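Student: Could we go through this structure together? I keep meeting labels and want to know how each one is earned.

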Amino acid sequence: MAESLPSNASLLLVDDEENILRSLQRILRKEPYDIRAVASGEEALALLNEQRFDLVISDARMPGMDGPTLLSEIKKKWPWCIRILLTGYADINSTIKAINDGQIYRYISKPWDDEELKLVIRQALAFQYSERRRLALEKLTRKQNKELQALNAGLEEKVQARTEELKETADMLDAAYTELKQSYVTTTEVFSTLINKRLPANRQPNAKVIGLVKAYAEYHQLDEDLSRNLYMAAALYNLGKLSWPDELFKAPSDLLTKEQRLEFLKYPVNSEQLLMALEPLKETARIIRHHQEKWNGYGVPERLEGTEIPLASRILRLAVDFIELQYGLILERRVSRDNALKLIKRYRERLYDPEIADRFLEVCIEVAPDVEHEDPDIAALDTLRLKAGMVLARNLYAASGMLLLNEGKELTSLLIDKLVAFEKGEPDGTHYTVYVHRPAEEETETAS
């Protein structure tokens, strides 16, 4: 199903550097938006008093009123307006202020990737549109409830008809809420690709960690809310590392200097602080905060012991250590998969919950989700064999690590054409393998 977007969204760009504004306008000129640009926060507020805007993109550092202050003012006066902050890696304090005070939708690091920037804007507007639909449906439901109460109890046919209308409205609300929840999951996956940009292509653990916790949740049938929060925590657990220098990113954790070690130990709390202002991600933030705690009580940040550690944090710690051991992010050398399993088993009563560790080892042995494996219900196709109506079974990433399409996306002819064109532009003749669910009739034919 194609993403829902308003037909003529209006965007306001705010930056004191003219070349940045020109660059943003150039990137967005072919997009279906009404775009205005100003050079200061004061000009932006004056224009907002005269014209309604759906989305504002503001630079963090500007003379006079800075970006976080501007977005905080917009939140107070025009709360429906989506707020996005442009910031550099060095502006972590400004970013935290914007998240806490301006409750921004996202921040985009400079220098940005053009396609990622357009994707973020499209997702922001789709989120806003879904939220407006949800509020409108809630208002309609309240109105219909009042009308229902006013009906004569003896008019049975009218009551029955109104009940059917309410059921349809409730179904629409459920669909809108499901869409909203999925938008948060997609958002975390976009953040995950941004985090991966800081690491070499062969040392990007997030996708593997996500796959591993999904396999664990499905194999042990965790409830829906716990599973969803665990998925998002797996995508974002490295968020607090974005402000790190490159050398800290690349050094195995057991070879860090004393100063580097102190900085390393802060990243779970930094990740939590960046997410706390987003109400639907508060439980995800709590999972990330405690995923470096140890079963024996000698972990960080609070030295929780045993079952004091949240269940999801205990699961995430196992997945992170198992993958990062194999990627050479913990020890000086890469650890083989078998040796990583042995280390998990060896430390099952010191670092890990022994019962959860045994369940985790069972998943790794029975399902092996950390390596590619065949699934009879999934087809691996090149882009020229794709057809409209097919549904993605896995996230599709570009060679650069950027998320192109998320799992569950239904392909359209337009999307397939864009994907083929994007593939042709990849360096070194890179080709995509797209994993889709097999149609029911194809599965039947294969079985026979």
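Tutor: Sure, and let's start with a term we need for helix pairs. An axis is a line fitted to C-alpha atoms, for helices over the stretch in contact, and angles run from 0 to 180 degrees between N-to-C directions. Keep in mind that this is a predicted model.

Student: Okay, so how do the axes of α8 and α13 lie?

Tutor: The axes of helix α8 (residues 224-236) and α13 come within 10 Å and cross at roughly 45 degrees.

Student: What makes α8 oblique to α13?

Tutor: Angles under 35 degrees count as roughly parallel, over 145 as roughly antiparallel and 65 to 115 as roughly perpendicular, with the rest oblique. Roughly 45 degrees falls in none of the named ranges, so α8 is oblique to α13. The crossing is right-handed.

Student: Which residues make that contact?

Tutor: From α8 you have Leu226, Leu230, Ala233 and Ala234, and from α13 Leu311, Ala312, Ile315 and Leu316. Sorted by class, the contact has eight nonpolar, no polar and no charged residues.

Student: Why is α11 called roughly antiparallel to α12?

Tutor: Same recipe. α11 and α12 pack at an angle of about 170 degrees, with their axes 8 Å apart. The cut-off for roughly antiparallel is over 145, so α11 gets that label relative to α12. On the α11 side the contact uses Pro268, Val269, Ser271, Glu272 and Leu275, and on the α12 side Ala285, Ile288 and Arg289. By class, this contact has five nonpolar, one polar and two charged residues.

Student: How do you know that α11 is largely enclosed by the rest of the structure?

Tutor: Count the buried residues, where buried means under 20% relative accessible area. Helix α11 (residues 267-275) has nine residues and seven of them are buried, so the rest of the structure largely encloses it. The buried ones are Tyr267, Pro268, Val269, Ser271, Glu272, Leu274 and Leu275.

Student: And what makes Trp78 count as buried?

Tutor: Its relative accessibility is 10%, and the cut-off is under 20%, so Trp78 counts as buried. You'll find Trp78 in the loop between α3 (67-77) and β4 (82-87). Leaving aside neighbours within four places in sequence, Trp78 is in contact with Leu45, Leu48, Asn49 and Arg83. The C-alpha atoms of Trp78 and Asp54 are separated by 9.5 Å, with the two positions 24 residues apart along the chain counted as their spacing.

Student: Why is Gln221 called exposed, while Arg303 is called partly exposed?

Tutor: Exposed means over 50%, and partly exposed lies between that and the buried cut-off of 20%. Gln221 has 71% relative accessibility, so Gln221 counts as exposed. Arg303 has 49%, so Arg303 counts as partly exposed.

Student: What is phi in Gln221 and in Arg303?

Tutor: Phi of Gln221 is near 55 degrees, a positive value in a residue other than glycine. Phi of Arg303 is likewise near 55 degrees, positive and not in a glycine. Gln221 sits in the loop between α7 (206-219) and α8, and Arg303 in the loop between α12 and α13.

Student: Which peptide bonds are cis?

Tutor: One runs from Lys110 to Pro111, with omega near -10 degrees. Another runs from Val300 to Pro301, with omega near 10 degrees. Pro111 lies in the loop between β5 (106-109) and α5 (114-150), and Pro301 in the loop between α12 (282-289) and α13.

Student: What about the nonpolar core: which residues have the most contacts inside the largest one?

Tutor: The largest nonpolar core has 77 residues, and those with the most contacts inside it are Leu12, Ile74, Leu316, Phe322 and Phe360. Helix α13 (residues 311-326) gives the most to this core, with nine residues. Apart from that core lies another, of 23 residues, including Ile27, Leu55, Tyr105 and Trp112.

Student: Last one: how many helices and strands does the protein chain have?

Tutor: The chain has 17 helices and nine strands. Buried residues make up 49% of its 448 residues.

Terms used:
Residues are numbered from 1 along each chain as its sequence is written. This is a predicted model: local features need pLDDT of at least 70, side-chain atom pairs count only at pLDDT 80 or more; totals for chains, interfaces and linings use all residues. Side-chain values use heavy atoms; hydrogens and water are left out. A nonpolar core is a set of buried Ala, Val, Leu, Ile, Met, Phe, Trp, Tyr and Cys residues joined through side-chain atoms within 4.5 Å. Buried means under 20% relative accessible area, exposed over 50%, partly exposed in between (1.4 Å probe, protein chains only). Helices (H or I, at least four residues) and strands (E, at least two) are DSSP runs, numbered from the N terminus. A crossing is left-handed if the near helix is turned anticlockwise from the far one by less than a right angle, and right-handed if clockwise. Contact means heavy atoms within 4.5 Å. Ala, Val, Leu, Ile, Met, Phe, Trp, Tyr, Cys and Pro count as nonpolar, Asp, Glu, Lys and Arg as charged, and the others, Gly among them, as polar.
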